[in-house]
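Here is a short briefing to read alongside the structure. Have the viewer open and follow along topic by topic.

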Amino acid sequence: MNSNNQHIRKHIITALVENQPGVLARIVGLISGRGYNIESLNVGPTQDSTVSRLTMLVPGDDRVLEQVTKQLDKLVDVIKVTDLTRETFLNRECILVRVAATRKTRSEIIELADVFGCQVIAVRANSMVLQLVGEQDIVTDFLELMKPFRILDVSRSGVIAMASE
Amino acid sequence: MRTGAKCVVDAIRDAGVKTVFGLPGGTVLDIFAELYHAPFEFFLVRHEQGATHMADGYARATGKPGCCIVTSGPGATNAVTGLATANMDGIPMVCISGQVPSSMIGNDAFQEADTVGITRAVTKHNYLVRRTDDIPAIIAEAFQIAKSGRPGPVLVDIPKDVQRGKTEATFSGTVNRRGMKPIYEGQPRQIAKLAKAMNSARKPVILAGGGVIAGGASAELTALARKAKIPVTTTLMGIGGFPDTDPLALRMPGMHGSVAANSAISECDLIISVGARFDDRVTGKISEFAPHAIKAHIDIDPSAISKSVVVDLPVIGHVKPVLRELIKLIEPADRREWLARCRKWCTESPFAYDAKETQLLPQFVIEKISEVTRGDAIIVTDVGQHQMWAAHFYQYTKPRTFISSGGLGTMGFGLPAAIGAQAACRNRNVVTIAGDGSIQMNFQELVVAVEHDLPITVVILNNGYLGMVRQWQEMFYRKEYSAVRLAQNDRARNEKIAERPPAYLPDFVKLAEAHGAVGMRVTRKNEVTSALRKSFAIRRPVVVECIVKPDENVYPMVPPGASLTEMLQSIA
Ligand SMILES: Cc1ncc(C[n+]2csc(CCOP(=O)(O)OP(=O)(O)O)c2C)c(N)n1
């Protein structure tokens with residue numbers, strides 16, 4: 001009745017936590033202490049100023065992450081934890097990307113950007129900065145498409161998520 | 001208006017604490033100035049690790065949170081081992097540490113350490129207090145957190161200026177943290193499912209752990225086991241939770257478990273963990289643990305469920321109310337065959353040693369301690385072979401009579417924890433069972449027992465080795481005894497020191513006397529009982545050093561990583 005099958009996948013874990021110093025360190029420590037890498041992390045206030053929402057993307061084994069989720073829930077400063085990967089959820093990520101753009105390539109980039117509903121927020125002689133908000137998969141696809149133009153810099157917000165209902 | 005320091009001492013008093021352990025320093029001078037007037041018995045330790053283990057021993061003996069106070073920097077880092085020890089075993093404790101003034105934090109100030117950072121992973125919760133106003137509420141909360149759910153140690157780090165500040169703040173009422181949500185009652189549906197499984201099981205076993213002790217549920221456990229006729233194995237942390245003298249008792253499971261416990265686990269069709277977390281020292285090879293069994297687990301800590309062993313029937317809740325509900329739902333069953341099989345294992349393969357051996361054996365000494373105290377003492381162990389023998393050869397019948405560092409396995413725990421236990425239970429016989437290695441890690445605390453007139457008996461089973469490590473080297477490392485010989489002869493070539501070593505190094509009898517205690521040395525079997533009797537009669541701290549056979553091993557032994565069926569009874 002034991003199963004040691006590993007199911008490695010990306011988990012989106014979101015937690016409502018007390019908006020207090022030390023909370024983040026505690027949570028990150030719990031995860032990194034197991035040798036797991038937090039791929040992205042986003043923290044921000046909620047409608048209640050004493051509560052923050054934290055969203056993490058952690059690749060790992062299903063069982064281990066279930067245990068991690070339970071351990072997070074045990075922390076005094078953690079009000080509620082959900083592994084959204086187990087439910088249906090909405091996710092978004094915001095990115096800023098600077099790509100090399102010459103007069104020749106500029107219009108092609110803008111055309112692609114349009115398809116994704118992406119905004120151009122700065123244009124320089126040899127580069128431009130684009131902003132995209134979308135589902136994480138789409139954002140990742142978009143970055144793939146930008147690669148041939150030479151990405152000079154990327155800043156990703158990390159995924160934020162919410163259960164569908 | 002009260003100072004922060006006064007708030008600290010008042011809050012400790014309001015939490016019901018009467019005994020405080022600690023050692024002062026620059027950043028806690030204000031608190032100690034208040035302690036001078038406080039209604040506590042204060043135990044001045046000689047090393048902060050001692051303070052944490054004393055608070056821990058106090059908590060294990062009583063179930064009430066222990067309390068200790070240490071200074072910043074080295075005081076706090078010295079407390080880390082004790083916090084980690086308590087954290088692993090779920091022992092309620094509040095440790096107050098001083099911190100450099102707020103304005104100097106982060107500046108590498110004298111005796112500064114990032115105490116909350118360092119202790120984050122070894123405490124249930126910790127605080128860095130920023131405002132004097134917060135002290136009353138935080139300390140009340142700290143005690144509450146230490147006790148609630150799965151108990152554990154809480155550290156409160158208070159900068160010096162915060163202690164010196166003044167406040168009108170008070171705290172009364174109840175602590176209510178939205179992040180704290182221990183589940184007390186189990187879900188009726190889960191309990192009913194478990195009861196059904198128990199009623200239909202033909203070969204069930206109960207695995208009772210530390211949760212039974214922490215939850216004060218040994219009466220319920222005993223009633224359930226007897227009504228349902230289910231044999232019980234008690235983990236190291238669960239010892240005393242079910243009487244060893246009961247015919248249903250299978251004793252301890254795991255690496256150094258009994259044949260009965262390990263065989264029953266390996267054959268059973270249902271295993272019910274009651275507050276036992278399936279520690280790797282209990283399960284052996286996980287994939288072969290209780291291979292035929294449905295696995296049930298009652299625990300107050302949801303994160304303990306399916307942590308190692310995947311559980312089929314979880315019940316999240318406090319063991320006491322859950323067991324009470326189960327008792328109602330259990331139907332008497334006919335398990336004569338299974339019980340007879342378990343009894344047979346118990347009688348045919350009890351914990352045993354060579355009774356014909358003429359040299360003094362450590363197991364024999366422990367059996368005598370059991371006889372002389374009639375199983376009614378509080379036994380506190382250190383860590384090593386003697387710890388396992390203390391689990392095997394003493395008959396425990398009551399909870400909180402076996403105190404041992406199970407999870408962390410902290411050598412040096414025994415003596416200070418015994419002092420804490422005796423401080424709480426003045427009229428009991430408290431016996432430390434230590435190895436010659438472990439006892440040297442905190443021997444200095446013996447003076448604290450002398451100062452406070454605590455009549456502890458410290459039995460040192462001196463085998464001249466770090467015995468447990470020697471046993472592993474004998475069994476698994478080609479008998480190459482590296483850095484385990486404590487006596488001066490027969491050492492590895494690169495470990496020789498003295499040309500003409502003294503006969504005893506250290507001389508524990510003289511060492512005891514130098515600390516103001518009584519010292520005795522026992523070398524022969526026929527001296528043991530009288531030495532023990534004498535030590536209990538004196539009602540002073542006594543050290544009884546027993547020179548025992550150097551190379552005795554703990555059996556049975558399940559080699560690391562092997563299944564529980566692979567018990568070695570001797571070296572092949
Ligand atoms: C602080 C600490 N350091 C190291 C160990 C590893 N260790 C486990 S048992 C043991 C030997 C203990 O020797 P002793 O106290 O003499 O007891 P014995 O095994 O001989 O009964 C050691 C070194 C430990 N458990 N704790």
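**An exposed residue, a buried residue and an interface**

A:Glu165 counts as exposed because its relative accessibility is 89%, and the cut-off for exposed is over 50%. Keep in mind that this is a predicted model. From A:Glu165 we go on to the contact between chain B and chain A, which buries about 2,100 Å² between them, and then to B:Arg470, a buried residue.

**Around A:Glu165**

- To find A:Glu165, look in the segment that comes after strand 9 (160–163) of chain A.
- A:Leu90 lies 75 residues away from A:Glu165 along the chain, yet the C-alpha atoms of the two are separated by 9.3 Å.

**Where chain B meets chain A**

- The size of an interface is often given as the accessible area lost when the parts come together.
- For chain B and chain A, that buried area is about 2,100 Å², with 44% of it on carbon and sulfur atoms.
- On the chain B side, B:Arg120, B:Arg178 and B:Ser303 lose the most area to chain A, and together they account for 29% of what that side buries.
- Chain B brings 27 residues to the contact, and chain A brings 24 residues.

**Polar contacts and salt bridges across the interface**

- There are 4 salt bridges across the interface of chain B and chain A.
- B:Arg178 forms a salt bridge with A:Asp48, and their closest N and O atoms are 3.6 Å apart.
- B:Arg178 is also one of the chain B residues that lose the most area to chain A.
- Between chain B and chain A, 12 residue pairs are in polar contact, counting pairs with both residues at pLDDT 80 or more.
- Two strands of chain B, strand 6 (125–128) and strand 13 (294–299), each supply at least two residues of the side that touches chain A.
- By residue type, that side of chain B divides into 10 nonpolar, 7 polar and 10 charged residues.

**Around B:Arg470**

- Now turn to helix 19 (residues 467–476) of chain B, where B:Arg470 is found.
- B:Arg470 counts as buried because its relative accessibility is 1%, and the cut-off for buried is under 20%.
- Leaving aside residues up to four places away in sequence, B:Arg470 touches B:Gln385, B:Tyr465, B:Tyr481, B:Val484, B:Pro550, B:Asp551, B:Glu552 and B:Asn553.
- With B:Asn553, the side chain of B:Arg470 makes a side-chain polar contact of 2.6 Å.
- B:Gln385 is 85 residues from B:Arg470 in sequence, and 9.8 Å separates the two from C-alpha to C-alpha.

Key:
Residues are numbered from 1 along each chain as its sequence is written. Chains are lettered from A and ligands numbered from 1 in the order in which they are written. This is a predicted model: local features need pLDDT of at least 70, side-chain atom pairs count only at pLDDT 80 or more; totals for chains, interfaces and linings use all residues. Side-chain values use heavy atoms; hydrogens and water are left out. Helices (H or I, at least four residues) and strands (E, at least two) are DSSP runs, numbered from the N terminus. Buried means under 20% relative accessible area, exposed over 50%, partly exposed in between (1.4 Å probe, protein chains only). Contact means heavy atoms within 4.5 Å. A polar contact is a pair of N or O atoms within 3.5 Å; within protein, one must be able to donate a hydrogen and the other to accept it, and residues adjacent in sequence count only if both atoms are side-chain atoms. Buried area is the accessible area (1.4 Å probe) that two parts lose on being put together, summed over both. A salt bridge is a side-chain nitrogen of Lys or Arg within 4 Å of a carboxyl oxygen of Asp or Glu. Ala, Val, Leu, Ile, Met, Phe, Trp, Tyr, Cys and Pro count as nonpolar, Asp, Glu, Lys and Arg as charged, and the others, Gly among them, as polar.
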